[in-house]
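Work through the exercises below with the sequence and the model side by side. Each task is followed by a solution in steps.

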Amino acid sequence: MGEVRGEIVSDDGVLVIRSIRVVYRLKTAEEHHDAARRVLGFHARFCPVARTLAPGVEIATELELV
């Protein structure tokens with residue numbers, strides 16, 4: 001499960017996405033927490049959407065382990 005929030009601003013009357021914040025909520029056993037944190041550290045490099053948007057849109061990710 002996750003939550004995504006974006007910052008949208010008006011640029012000369014056109015709505016533009018400035019930033020995106022993604023919070024992943026992962027229910028997993030404690031012995032998998034370190035692996036989940038490692039994956040969060042590099043997953044955006046392999047995500048087509050993040051790679052497409054990254055030049056102009058700030059993307060931040062966060063992991064909540066439950």
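**Exercise 1.** Identify the type of contact between the side chains of Asp-34 and Arg-37, and place the two residues in the fold.

Step 1. Asp-34 and Arg-37 form a salt bridge, with 3.3 Å from N to O. The term covers a side-chain nitrogen of Lys or Arg within 4 Å of a carboxyl oxygen of Asp or Glu.

Step 2. Both residues belong to helix 1 (residues 33-42), where a spacing of 3 residues separates them by about one helical turn. Helices (H or I, at least four residues) and strands (E, at least two) are DSSP runs, numbered from the N terminus.

Step 3. Asp-34 is exposed, at 53% relative accessibility, while Arg-37 is partly exposed, at 47%. Buried means under 20% relative accessible area, exposed over 50%, and partly exposed in between (1.4 Å probe, protein chains only).

Step 4. Before going on, note the basis: this is a predicted model, in which local features need pLDDT of at least 70 and side-chain atom pairs count only at pLDDT 80 or more, whereas totals for chains, interfaces and linings use all residues. Residues are numbered from 1 along each chain as its sequence is written, and side-chain values use heavy atoms, with hydrogens and water left out.

**Exercise 2.** How many salt bridges are there, and which residues are joined into one network by shared partners?

Step 1. The count of salt bridges is 6.

Step 2. One of them pairs Arg-5 with Glu-3, the closest N and O atoms being 2.6 Å apart. Arg-5 is exposed at 54% relative accessibility, and Glu-3 is partly exposed at 25%.

Step 3. Another pairs Glu-62 with Arg-21, whose closest N and O atoms are 2.5 Å apart. This pair links distant parts of the chain, since Glu-62 is in strand 3 (residues 58-65) and Arg-21 in strand 2 (residues 14-26), 41 residues apart. Glu-62 is partly exposed at 31% relative accessibility; Arg-21 is also partly exposed, at 39%.

Step 4. Glu-3, Arg-5, Arg-25 and Glu-64 make up one network, joined by salt bridges that share partners.

**Exercise 3.** Describe the sheet: its strand order, its pairing and its edges.

Step 1. The sheet is open and has 3 strands in the order 1-2-3, with mixed pairing. Two strands pair if DSSP finds at least two bridges between them.

Step 2. Strand 1 and strand 3 are the edge strands, each pairing on one side only. From one strand to the next the twist averages 15°.

Step 3. Strand 1 pairs with strand 2 in the antiparallel sense, over 10 bridges. Across this pairing, Glu-3 stands opposite Val-23, and Gly-2 has Tyr-24 as its bridge partner.

Step 4. The hairpin of strand 1 and strand 2 has 2 residues between the strands, and Asp-12 takes a positive phi near 55° there.

Step 5. Helix 1 packs on the sheet and touches strand 2 and strand 3; its direction makes about 175° with that of strand 3. Contact here means heavy atoms within 4.5 Å, and the angles, which run from 0 to 180 degrees between N-to-C directions, use axes fitted to C-alpha atoms, for helices over the stretch in contact.

**Exercise 4.** Is strand 1 largely in the open or largely buried? Then compare Ser-19 and Ile-17 in strand 2.

Step 1. Strand 1 (residues 2-11) lies largely in the open, because the number buried among its 10 residues is 0.

Step 2. Ser-19, in strand 2, is buried with a relative accessible area of 17%. Leaving aside residues up to four places away in sequence, Ser-19 touches Arg-5, Gly-6, Glu-7, Val-57 and Glu-58.

Step 3. Ile-17, also found in strand 2, is partly exposed at 41% relative accessibility.

Step 4. Together with Ile-8 and Leu-15, Ile-17 makes a nonpolar surface patch of about 320 Å². Patches take residues with over 30% relative accessible area and no salt bridge, joining like charges within 9 Å and nonpolar side chains (Val, Leu, Ile, Met, Phe, Trp, Tyr) within 5 Å. The areas come from the Shrake-Rupley method with a 1.4 Å probe, and for residues only the protein chains shown count as cover.

**Exercise 5.** Where is His-32, and how exposed is this residue?

Step 1. His-32 sits in the loop between strand 2 and helix 1.

Step 2. With 43% relative accessibility, His-32 is partly exposed.

Step 3. From His-32 to Glu-3 there are 29 residues in sequence and 21 Å in space, C-alpha to C-alpha.
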